[in-house]
Amino acid sequence: MQEINDCFKKVKKDCFKFISSQETKKDKFKNKDKMIKSFLIPVSFWIVKKINKKKPLIIGLAGGQGSGKTTISSILSIILKKYFKLNVFVISIDDFYKTRKDRKILSKNKHPLLMTRGVPGTHDINLILNFFKKIKLKKFNTLELPRFNKSIDDRYGKNLWHKIKSKPDVIIFEGWCVGAKAQSNSQLKKPINSLEKVYDQRAKWRIHVNNQLKNKYKTLFKQLDGLLYLKAKNFNLLREWRLKQERKLLIQTKNKKNLKIMSRGDVLNFMQTYQRITQQMFKDALKSSSIIMNLNSNHQIEKIKLKK
């Protein structure tokens, strides 16, 4: 307990500074002390125990749309850097989305719904696998990795890409579908929402997405040394949190032109593309995650469960 108190004293200022940068006038974080002290510091200690000096530790962080992955991964990074003096690199699977140009080709060749970023099949998995391979080499060279700009639905220019100049001790790899598993063929037959019913009548899109999970994504997720899962109570809550996220993006990017900020209707349609895998993860991630962080309806961690 003393270790946790000491850690909290050292990281409190930096964590609170980051949290305030994420708040808006209408949307304030509550119970910050408890979130950091009772949940995120113990998770950080768990991560540190798993570190292998020979190669970087790759920790996955999953959770539905709007569940708080970016916030949680950023706070964990602050704690690991500030208190444990570790070199930490945080990246999202979102940064590896295929370009608009590539998704356009994919949508013509496979299915029109693949123009919409998000589902397995819309990421450049070879790029991620190559990154994980290079980061483990004894001889480390500077790496450049893409950054994705959601407000233009495309990658940033190369001058704004991530640059990794020294080998990290810990990589936090976050994303809504990180660790997701494929469904059985029989589960794919019945549409689960209006989007699947109207735009994927022959199940071609969902079969393609599921095949990605069976193959390349399975290979990718095997590279993880542990998986943290942010579990929301239900999909409806995630919808509300995702709408809140879009409102925040609108405030942050006000007065900028050519932005692809979504309306409420756009967000609800967009979320339907995520629904099948998100709801399957509610079941699967409970078995496959190392740590489950249960979120209450106020968007706060209410308890954590360490499994392995």
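This is a guided tour of a predicted model, stop by stop, with a selection to make at each one.

**Stop 1: helix α2**

Start by selecting residues 32–50, which make up helix α2. Measure between the end C-alpha atoms and you should get 26 Å. How does that compare with what 19 residues should span? At 1.5 Å a residue the expected value is 27 Å, so the two agree.

Now centre on L40. A kink of about 35 degrees lies here, shortly before the proline P42. Next, colour the buried residues of the helix: M35, I36, F39, L40, I41, V43, S44, F45, W46 and I47. The kink residue L40 is itself on that buried list. As a reminder while you look down the axis, an α-helix has 3.6 residues a turn, so residues three or four places apart point the same way.

**Stop 2: strand β7 and its neighbours**

Select residues 170–175, strand β7. Is this strand buried or exposed? Six of its six residues are buried, so β7 is largely enclosed by the rest of the structure. Show the side chains to see the two faces: V170, I172 and E174 lie on one side, with I171, F173 and G175 on the other, and both faces are covered.

Add strand β1, residues 57–63, to the selection. β1 pairs with β7 in the parallel sense, over six bridges. To find one of the contacts, pick I59, whose bridge partner in β7 is I172. Then add β2, which also runs parallel to β7, here over five bridges. On this side, F89 stands opposite I171.

**Stop 3: the loop between β4 and β5**

From the strands, move to the loop between β4 and β5, where K150 sits. Select K150 and D94 together: they form a salt bridge, with the closest N and O atoms 2.7 Å apart. D94 lies in the loop between β2 (88–92) and α4 (100–109), and the pair links distant parts of the chain, 56 residues apart. The two ends sit in unlike surroundings: K150 counts as partly exposed at 34% relative accessibility, whereas D94 counts as buried at 13%.

Stay in this loop and select S151. At 7% relative accessibility, S151 counts as buried. Its side chain joins that of N149 through a polar contact of 2.6 Å.

One more residue of the loop deserves a click: D153. Its side chain meets that of R103 in a salt bridge, 3.3 Å from N to O. R103 belongs to helix α4, 50 residues away in sequence, so to the list of distant parts linked by such pairs you can add this one. Both R103 and D153 are buried. Widen the selection to R100, R103, R117 and D153, and you have a linked network of salt bridges.

**Stop 4: K233 and E302**

Next, select K233 and E302. Here is another salt bridge, with an N to O distance of 3.4 Å. K233 lies in the loop between β8 (226–231) and α10 (235–252), while E302 is in strand β10 (residues 301–306), so the pair ties together parts that are 69 residues apart in sequence. Both partners are partly exposed: K233 has a relative accessible area of 46%, and E302 has 37%. How many salt bridges are there in the model? The count comes to 10.

**Stop 5: the cysteines**

Select C7 and display its sulfur. How many disulfides does the model hold? The count is zero. For C7, the closest cysteine sulfur is in C15, 8.0 Å away, which is too far for a bond. C7 is buried, at 0% relative accessibility. C177 is also buried, again at 0%.

**Last stop: N159**

Finish at N159, in the loop between β5 and β6 (162–164). Buried or exposed? With a relative accessible area of 64%, N159 is exposed. For a closing distance, draw a line from N159 to K34: C-alpha to C-alpha they are 39 Å apart in space, and 125 residues apart in sequence.

How values were computed:
Residues numbered from 1 in each chain as written. Predicted model: local features only at pLDDT ≥ 70, side-chain atom pairs only at ≥ 80, totals over all residues. Heavy atoms only, no water. Salt bridge = Lys/Arg side-chain N within 4 Å of Asp/Glu carboxyl O. Helix = DSSP H or I, 4+ residues; strand = E, 2+ residues; numbered from the N terminus. Buried < 20%, exposed > 50% of the residue type's maximum accessible area, 1.4 Å probe, protein only. Polar contact = N/O pair within 3.5 Å; in protein donor to acceptor, adjacent residues only side chain to side chain. Disulfide = S-S within 2.5 Å. Expected span 1.5 Å × (residues − 1). Bend = angle between axes of the 7 residues up to and from the residue. Pairing = 2+ DSSP bridges.
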